[in-house]
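Student: Could we go through this model together, one question at a time?

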Amino acid sequence: MDEILISVRAIAVNPFERLIQSVGDIITPWMTYPAIVGSDVAGEVIAVGPNITRFRVGDRVAGFAAGEEKGRRSAEGAFQEQVILTEKMTAPLPDNLSFEAGSVLPLGLTTAAAGLFQSDFLAMRHPSIQPVSVGQTLVVWGGATSVGCNAIQLAVAAGYDVIATSSLQNAPYLMSLGARAVYDRHSPSTPSAIIEALRGRDVCGALAIGIGSTKACIDILGATKGQRFIALATPPVSLDAVPAGRGRWKTLIPVLMRMVAGNIFLTLRARRRGVKTKFIWGGAPLHNDIGPMIYREFLPGALAGGQYKPSPEPEVVGHGLEVIPVALERQRKGVSARKLVVTLGPR
Ligand SMILES: NC(=O)c1ccc[n+]([C@@H]2O[C@H](COP(=O)([O-])OP(=O)(O)OC[C@H]3O[C@@H](n4cnc5c(N)ncnc54)[C@H](OP(=O)(O)O)[C@@H]3O)[C@@H](O)[C@H]2O)c1
């Protein structure tokens, strides 16, 4: 009823899609074979449900493919030629934006919005194409990630100042997205430099992205004035080294033990400094008012007016579904301020 069918023209890949292959039975136990993973698509509308008035056949769109969410179906997974999208998680793509650019938006945007705007997270003021200053500062640790680039832009559009971290070569890019200042995420002195920069300022909290980000954000918020809440995007230990298939428990058990130990360490550190933390589920805006607020109310005007840039920049790995494993492998090796994309359909 409230869905559209698109012919997919570009798919972006995310770290989570690799993890579903190796530890899907733990992180998405509701997904059973045959399953189609993937969250990020852009394409052309080829059919609309009876309740749809916002889209027509032929429209160019980008949307959050919900196939990995509990209770959804394979027809909603991104890694296929035609995908069903929910209207409230889809935005029109203006003519000046390519499908490749559109495909980098959904999961990074949705995850950032969940952390910044949900009432049980940072509960920040909502974004607008004419932001009014709130007089508060958000810390985004890991600003060059896909989640981070979106968080910077959303927070700026909501009227907040942003202090971010990244590798220094990405600082100019993050400033171009609206960050007020960018610090080197590799430097051990960065937390104290940020604490110094925030002296006398009101902080609305932090978004912690990347391994090591939570500890740094706890130390910063524990020493600054304002809301002591961190929205967490990343667990304390990487699951990247866990292989898929037989024999994985040999690697997985020590990783899970480090995960538990890491969580206990961070919980105690946060408690001692009066800081609250909560882990984001990127698909949550599908089930609350944040998804429609972003995809219906904010994004269409912000993309059309150029106030919001799909970021990080897309890098096309190749054409055709068979290239997706290549893109996922490239993703595993690491990207810097880039989103890997596979194109489909007529060239
Ligand atoms: N909770 C959720 O629902 C959810 C949803 C989506 C993503 N995530 C998680 O969010 C994280 C980022 O995902 P993504 O897709 O946005 O990433 P991505 O775009 O693939 O991230 C690439 C960037 O990560 C940065 N980076 C690498 N290691 C880092 C670290 N230890 N600390 C801070 N930054 C680091 C690098 O920045 P520099 O080049 O500047 O060094 C690089 O530019 C991942 O851990 C992912 O699993 C969680």
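Here are some questions and answers on the fold, the ligand site and the core.

Tutor: Happily! This is a predicted model, where local features need pLDDT of at least 70, side-chain atom pairs count only at pLDDT 80 or more, and totals for chains, interfaces and linings use all residues. Residues are numbered from 1 along each chain as its sequence is written.

Student: Where does the ligand lie relative to domain 1 and domain 2?

Tutor: Look at who supplies the shell around the ligand. Domain 1 (3–105 + 310–343) and domain 2 (109–279) both contribute residues; the domain bounds come from an automatic or database domain assignment. The ligand therefore lies between them.

Student: Which helix gives the most to the shell around the ligand?

Tutor: Helices here are DSSP runs (H or I, at least four residues), numbered from the N terminus. α1 (15–27), α3 (106–117) and α4 (146–157) each supply at least two shell residues. With three residues, the one that gives the most is α3.

Student: And which element gives the largest share of the largest nonpolar core?

Tutor: Such a core is a set of buried Ala, Val, Leu, Ile, Met, Phe, Trp, Tyr and Cys residues joined through C-beta atoms within 7 Å, buried meaning that 20 or more other C-beta atoms, placed from the backbone, lie within 10 Å of a residue's own. This one has 102 residues, and Ile 11, Leu 116, Ile 152 and Ala 155 touch the most other members. The largest share, eight residues, comes from α4.

Student: What percentage of the protein chain counts as buried?

Tutor: Let's use that same cut-off for the chain. Of its 347 residues, the buried share is 48%.

Terms used: Buried ≥ 20, exposed ≤ 12 C-beta atoms within 10 Å, placed from the backbone.
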